[in-house]
Amino acid sequence: MRSRRRLLGVVVTAVVAAGAVSAGVAGWAPWSHGLPAEGGTGREVASVPALRSARARPSSTAQVTSPTTVAAPAAPQVPASASWIATLHSALPYSATPGGPPTGTLAATNPFGAPNVVALVGAPGAGGWSQVELPVRPDGSTAWLQTAAVTLTWTTYRVAVSLPARTITVTDGPATVLTAPVAVGAPATPTPTGATYLWELIAPDNSHGAYGPYIFGLGMFSQAIAVFNGGDAQIGVHGNDEPWSVGRPVSHGCVRLDNTVITRLAGMLPLGTPVTIS
(Lines give C-alpha, C1' and ligand atoms only; values in the text may rest on other atoms or scores of the structure.)
Protein backbone atom coordinates (compact mmCIF):
# COMPACT_ATOMS: atom_id res chain seq x y z
CA MET A 1 0.00 0.00 0.00
CA ARG A 2 1.36 3.39 -0.93
CA SER A 3 0.16 6.65 0.53
CA ARG A 4 1.29 10.23 0.54
CA ARG A 5 0.96 12.33 3.65
CA ARG A 6 2.43 15.45 5.18
CA LEU A 7 4.68 14.48 8.07
CA LEU A 8 5.48 17.46 10.28
CA GLY A 9 5.85 19.86 7.42
CA VAL A 10 7.37 17.47 4.88
CA VAL A 11 5.50 15.53 2.22
CA VAL A 12 6.66 11.93 2.35
CA THR A 13 5.74 8.68 0.70
CA ALA A 14 5.04 5.79 3.03
CA VAL A 15 5.31 2.22 1.81
CA VAL A 16 3.62 -0.44 3.93
CA ALA A 17 4.11 -4.08 3.00
CA ALA A 18 4.35 -7.22 5.08
CA GLY A 19 4.52 -5.21 8.26
CA ALA A 20 7.40 -3.00 7.12
CA VAL A 21 7.10 0.77 7.10
CA SER A 22 9.18 3.14 5.01
CA ALA A 23 8.86 6.91 5.23
CA GLY A 24 10.95 9.99 4.60
CA VAL A 25 12.66 11.40 7.66
CA ALA A 26 14.09 14.53 6.08
CA GLY A 27 12.84 17.54 7.99
CA TRP A 28 10.88 15.43 10.49
CA ALA A 29 13.31 15.52 13.37
CA PRO A 30 15.17 18.31 15.15
CA TRP A 31 18.43 16.46 15.12
CA SER A 32 21.88 18.02 14.93
CA HIS A 33 22.10 20.17 11.78
CA GLY A 34 19.40 22.12 10.03
CA LEU A 35 19.59 21.15 6.36
CA PRO A 36 16.18 19.88 5.19
CA ALA A 37 17.49 16.94 3.16
CA GLU A 38 20.56 15.95 5.16
CA GLY A 39 19.02 12.86 6.68
CA GLY A 40 17.67 11.51 3.41
CA THR A 41 14.87 9.01 3.83
CA GLY A 42 14.54 6.25 6.35
CA ARG A 43 12.33 3.57 7.77
CA GLU A 44 11.06 2.51 11.18
CA VAL A 45 13.09 -0.54 12.15
CA ALA A 46 12.56 -1.14 15.81
CA SER A 47 8.92 -2.08 16.21
CA VAL A 48 9.45 -5.81 15.80
CA PRO A 49 13.04 -6.09 17.19
CA ALA A 50 11.99 -4.08 20.23
CA LEU A 51 9.20 -6.46 21.09
CA ARG A 52 11.43 -9.46 20.46
CA SER A 53 14.07 -8.12 22.86
CA ALA A 54 11.78 -6.54 25.40
CA ARG A 55 12.55 -9.24 27.93
CA ALA A 56 9.02 -10.36 28.52
CA ARG A 57 9.77 -13.75 30.04
CA PRO A 58 7.39 -16.49 28.87
CA SER A 59 6.27 -19.13 31.31
CA SER A 60 8.64 -22.04 31.54
CA THR A 61 7.73 -25.25 29.76
CA ALA A 62 5.81 -27.79 31.80
CA GLN A 63 7.94 -30.36 33.58
CA VAL A 64 6.79 -33.96 33.95
CA THR A 65 7.18 -34.89 37.62
CA SER A 66 5.49 -38.31 37.49
CA PRO A 67 3.78 -40.47 34.88
CA THR A 68 0.44 -38.84 35.71
CA THR A 69 1.34 -35.35 37.02
CA VAL A 70 2.42 -32.33 35.01
CA ALA A 71 3.59 -29.23 36.87
CA ALA A 72 1.87 -25.97 35.99
CA PRO A 73 3.96 -23.44 34.06
CA ALA A 74 5.93 -21.18 36.35
CA ALA A 75 4.86 -17.53 36.58
CA PRO A 76 7.24 -15.07 34.96
CA GLN A 77 9.79 -13.75 37.42
CA VAL A 78 10.04 -10.00 37.02
CA PRO A 79 13.07 -8.49 38.78
CA ALA A 80 12.77 -5.39 40.91
CA SER A 81 14.88 -3.48 38.38
CA ALA A 82 12.41 -4.10 35.55
CA SER A 83 10.78 -1.24 33.69
CA TRP A 84 7.42 -1.93 32.07
CA ILE A 85 6.52 -1.17 28.45
CA ALA A 86 3.07 -0.92 26.84
CA THR A 87 2.49 -1.51 23.12
CA LEU A 88 -0.77 -0.26 21.63
CA HIS A 89 -2.84 -2.20 19.10
CA SER A 90 -5.44 0.46 18.40
CA ALA A 91 -6.07 4.11 19.20
CA LEU A 92 -6.58 4.33 22.94
CA PRO A 93 -8.13 7.05 25.11
CA TYR A 94 -6.22 8.10 28.18
CA SER A 95 -7.36 9.75 31.39
CA ALA A 96 -5.92 12.04 34.03
CA THR A 97 -6.97 9.59 36.75
CA PRO A 98 -7.62 5.82 36.78
CA GLY A 99 -11.07 5.29 35.34
CA GLY A 100 -11.60 9.01 34.83
CA PRO A 101 -13.10 10.66 31.74
CA PRO A 102 -10.89 10.64 28.64
CA THR A 103 -8.63 13.66 28.30
CA GLY A 104 -7.00 12.61 25.03
CA THR A 105 -6.24 9.71 22.72
CA LEU A 106 -2.98 7.97 21.85
CA ALA A 107 -2.68 6.92 18.23
CA ALA A 108 -2.27 3.24 17.46
CA THR A 109 0.94 3.98 15.58
CA ASN A 110 3.83 6.40 15.88
CA PRO A 111 4.51 9.02 13.16
CA PHE A 112 6.19 6.35 11.01
CA GLY A 113 3.34 3.87 11.18
CA ALA A 114 4.85 1.36 13.62
CA PRO A 115 2.93 0.29 16.75
CA ASN A 116 2.94 3.05 19.35
CA VAL A 117 5.00 2.24 22.44
CA VAL A 118 4.86 4.03 25.80
CA ALA A 119 6.74 3.50 29.05
CA LEU A 120 4.86 2.77 32.25
CA VAL A 121 5.39 4.81 35.39
CA GLY A 122 6.20 2.06 37.86
CA ALA A 123 4.47 -1.30 37.61
CA PRO A 124 1.10 -2.07 36.01
CA GLY A 125 -1.58 -0.58 38.22
CA ALA A 126 -4.26 -2.39 40.16
CA GLY A 127 -7.85 -2.10 39.03
CA GLY A 128 -7.09 -2.42 35.35
CA TRP A 129 -5.37 0.94 34.83
CA SER A 130 -1.68 1.74 34.37
CA GLN A 131 0.08 5.10 34.39
CA VAL A 132 2.23 5.84 31.35
CA GLU A 133 4.56 8.53 30.04
CA LEU A 134 3.15 10.42 27.07
CA PRO A 135 5.36 11.38 24.09
CA VAL A 136 3.91 14.89 24.04
CA ARG A 137 4.65 18.37 25.30
CA PRO A 138 5.16 19.32 28.06
CA ASP A 139 7.92 16.86 28.91
CA GLY A 140 7.00 14.64 31.81
CA SER A 141 3.31 14.41 30.88
CA THR A 142 1.62 11.26 32.16
CA ALA A 143 -1.80 9.66 31.87
CA TRP A 144 -3.67 6.44 32.65
CA LEU A 145 -4.48 3.69 30.14
CA GLN A 146 -6.58 0.57 30.42
CA THR A 147 -4.05 -2.19 30.95
CA ALA A 148 -6.12 -4.83 29.17
CA ALA A 149 -5.99 -2.82 25.94
CA VAL A 150 -2.18 -3.02 25.56
CA THR A 151 0.54 -5.65 25.45
CA LEU A 152 2.85 -5.41 28.44
CA THR A 153 6.51 -6.36 28.28
CA TRP A 154 9.47 -5.35 30.41
CA THR A 155 13.16 -4.63 30.26
CA THR A 156 16.00 -4.34 32.73
CA TYR A 157 17.94 -1.98 30.46
CA ARG A 158 18.24 1.68 31.41
CA VAL A 159 19.97 4.60 29.71
CA ALA A 160 21.53 7.56 31.55
CA VAL A 161 22.96 10.62 29.81
CA SER A 162 25.20 12.91 31.85
CA LEU A 163 25.35 16.41 30.38
CA PRO A 164 28.28 17.62 32.55
CA ALA A 165 30.34 14.50 31.77
CA ARG A 166 28.99 14.25 28.19
CA THR A 167 28.59 10.51 28.47
CA ILE A 168 25.92 7.90 27.92
CA THR A 169 25.75 4.88 30.21
CA VAL A 170 23.64 1.78 29.59
CA THR A 171 22.92 -0.60 32.43
CA ASP A 172 21.23 -3.99 32.53
CA GLY A 173 20.00 -4.37 36.09
CA PRO A 174 23.03 -3.75 38.31
CA ALA A 175 25.55 -4.31 35.52
CA THR A 176 27.01 -1.51 33.41
CA VAL A 177 26.89 -2.59 29.78
CA LEU A 178 28.39 0.43 28.08
CA THR A 179 29.71 3.93 28.73
CA ALA A 180 30.63 6.19 25.82
CA PRO A 181 31.19 9.90 25.09
CA VAL A 182 28.40 11.93 23.49
CA ALA A 183 27.83 15.34 21.99
CA VAL A 184 25.10 17.35 23.69
CA GLY A 185 23.23 20.58 23.13
CA ALA A 186 25.05 23.84 22.60
CA PRO A 187 24.55 26.55 25.26
CA ALA A 188 21.84 28.27 23.20
CA THR A 189 20.04 24.98 22.46
CA PRO A 190 20.64 22.80 25.52
CA THR A 191 19.63 19.18 25.79
CA PRO A 192 16.60 19.06 28.10
CA THR A 193 16.85 17.13 31.35
CA GLY A 194 14.46 14.70 32.96
CA ALA A 195 13.02 11.22 32.54
CA THR A 196 11.86 9.95 29.16
CA TYR A 197 12.10 6.79 27.05
CA LEU A 198 13.04 5.41 23.64
CA TRP A 199 9.95 5.99 21.52
CA GLU A 200 11.08 5.31 17.94
CA LEU A 201 14.02 3.85 16.06
CA ILE A 202 14.69 4.98 12.50
CA ALA A 203 17.31 3.72 10.04
CA PRO A 204 18.13 6.51 7.56
CA ASP A 205 18.66 5.29 4.03
CA ASN A 206 21.89 7.30 4.03
CA SER A 207 23.77 5.71 6.92
CA HIS A 208 26.64 8.14 6.34
CA GLY A 209 24.47 11.24 6.69
CA ALA A 210 24.08 13.65 9.57
CA TYR A 211 22.19 11.15 11.73
CA GLY A 212 24.45 8.18 11.12
CA PRO A 213 23.00 4.68 10.76
CA TYR A 214 20.28 4.94 13.44
CA ILE A 215 18.13 7.50 15.22
CA PHE A 216 16.32 6.83 18.49
CA GLY A 217 13.50 9.33 18.87
CA LEU A 218 12.79 10.15 22.51
CA GLY A 219 9.46 11.08 24.06
CA MET A 220 11.04 14.45 24.86
CA PHE A 221 11.16 17.86 23.17
CA SER A 222 13.48 20.85 23.05
CA GLN A 223 12.71 23.67 25.47
CA ALA A 224 14.71 26.14 23.38
CA ILE A 225 13.28 25.37 19.92
CA ALA A 226 9.59 24.99 19.18
CA VAL A 227 9.82 24.05 15.49
CA PHE A 228 12.72 22.46 13.62
CA ASN A 229 12.71 21.64 9.89
CA GLY A 230 8.95 22.19 9.86
CA GLY A 231 8.12 19.81 12.74
CA ASP A 232 8.05 19.79 16.51
CA ALA A 233 11.56 19.91 17.95
CA GLN A 234 11.78 16.36 19.24
CA ILE A 235 14.98 15.20 20.92
CA GLY A 236 16.84 12.22 19.51
CA VAL A 237 19.82 10.00 20.22
CA HIS A 238 21.64 9.28 16.97
CA GLY A 239 24.90 8.77 15.10
CA ASN A 240 26.67 11.49 13.17
CA ASP A 241 28.79 12.44 10.17
CA GLU A 242 31.07 14.70 12.24
CA PRO A 243 33.11 12.46 14.55
CA TRP A 244 34.93 15.51 15.93
CA SER A 245 31.67 16.70 17.54
CA VAL A 246 31.35 13.76 19.95
CA GLY A 247 32.25 14.91 23.43
CA ARG A 248 31.34 18.54 22.76
CA PRO A 249 28.29 20.77 23.42
CA VAL A 250 27.46 21.48 19.77
CA SER A 251 24.04 20.04 18.86
CA HIS A 252 20.58 21.58 18.66
CA GLY A 253 19.69 19.54 21.75
CA CYS A 254 20.07 15.97 20.57
CA VAL A 255 22.57 13.42 21.85
CA ARG A 256 25.11 12.33 19.23
CA LEU A 257 27.03 9.08 19.49
CA ASP A 258 29.81 7.39 17.60
CA ASN A 259 28.21 5.39 14.80
CA THR A 260 29.53 2.10 16.14
CA VAL A 261 27.91 2.83 19.51
CA ILE A 262 24.47 3.75 18.13
CA THR A 263 24.58 0.62 15.97
CA ARG A 264 25.24 -1.49 19.04
CA LEU A 265 22.43 0.17 20.97
CA ALA A 266 19.99 -0.23 18.09
CA GLY A 267 20.47 -3.98 18.29
CA MET A 268 20.25 -4.07 22.07
CA LEU A 269 17.63 -1.73 23.47
CA PRO A 270 13.88 -2.24 23.08
CA LEU A 271 11.56 0.67 22.52
CA GLY A 272 10.18 1.76 25.85
CA THR A 273 13.58 1.59 27.54
CA PRO A 274 13.73 4.37 30.17
CA VAL A 275 16.15 7.24 29.59
CA THR A 276 17.29 9.77 32.18
CA ILE A 277 19.12 12.95 31.14
CA SER A 278 20.76 14.94 33.90
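The lining of the largest pocket divides by class into 9 nonpolar, 5 polar and 2 charged residues. This is a predicted model, and the pocket in question holds about 180 Å³ of space. Ser83, Leu120, Gly122, Arg158 and Pro274 are the closest to its centre among the 16 lining residues. Three strands, β7 (83-88), β18 (194-204) and β25 (274-277), each give at least two residues to the lining. The largest share, 3 residues, belongs to β25.

The fold around the pocket can be described next. The protein contains 25 strands and 2 helices. Of its 278 residues, 47% are buried. Among contacts with a separation of 6 or more, 60% join residues 24 or more positions apart. The exposed surface comes to about 12200 Å², with 60% of it supplied by carbon and sulfur atoms.

Turning to the interior, the largest nonpolar core has 30 residues, and those touching the most other members are Ile168, Val170, Phe216, Leu218, Leu257, Leu265 and Leu269. Elements that each supply at least two residues of this core include β14 (157-162), β15 (167-172), β16 (175-181), β19 (215-221) and β22 (234-238), along with β18 and β25. The helix α2 (259-266) is also on that list, and the largest share of the core, 4 residues, comes from α2.

Leu218 shows how one core member is placed. Beyond its neighbours within four places in sequence, Leu218 is in contact with Thr196, Tyr197, Leu198 and Trp199, with Gln234, Ile235, Gly236 and Val237, and with Val275 and Ile277. Tyr197 itself is listed in a second, separate core of 18 residues, which also includes Trp84, Val132 and Leu134.

Definitions and conventions
Residues are numbered from 1 along each chain as its sequence is written. This is a predicted model: local features need pLDDT of at least 70, side-chain atom pairs count only at pLDDT 80 or more; totals for chains, interfaces and linings use all residues. Side-chain values use heavy atoms; hydrogens and water are left out. On a 1 Å grid over the protein atoms alone, a cavity is a set of points where a 1.4 Å probe fits but cannot get out, and a pocket is an open set with protein on both sides within 12 Å along at least five of seven lines; lining residues have an atom within 4 Å of a point. Grid points are joined across faces, edges and corners, and a volume is the space filled by probe spheres set on the points. Ala, Val, Leu, Ile, Met, Phe, Trp, Tyr, Cys and Pro count as nonpolar, Asp, Glu, Lys and Arg as charged, and the others, Gly among them, as polar. Buried means under 20% relative accessible area, exposed over 50%, partly exposed in between (1.4 Å probe, protein chains only). Contact means heavy atoms within 4.5 Å. Accessible areas come from the Shrake-Rupley method with a 1.4 Å probe; for residues, only the protein chains shown count as cover. A nonpolar core is a set of buried Ala, Val, Leu, Ile, Met, Phe, Trp, Tyr and Cys residues joined through side-chain atoms within 4.5 Å.
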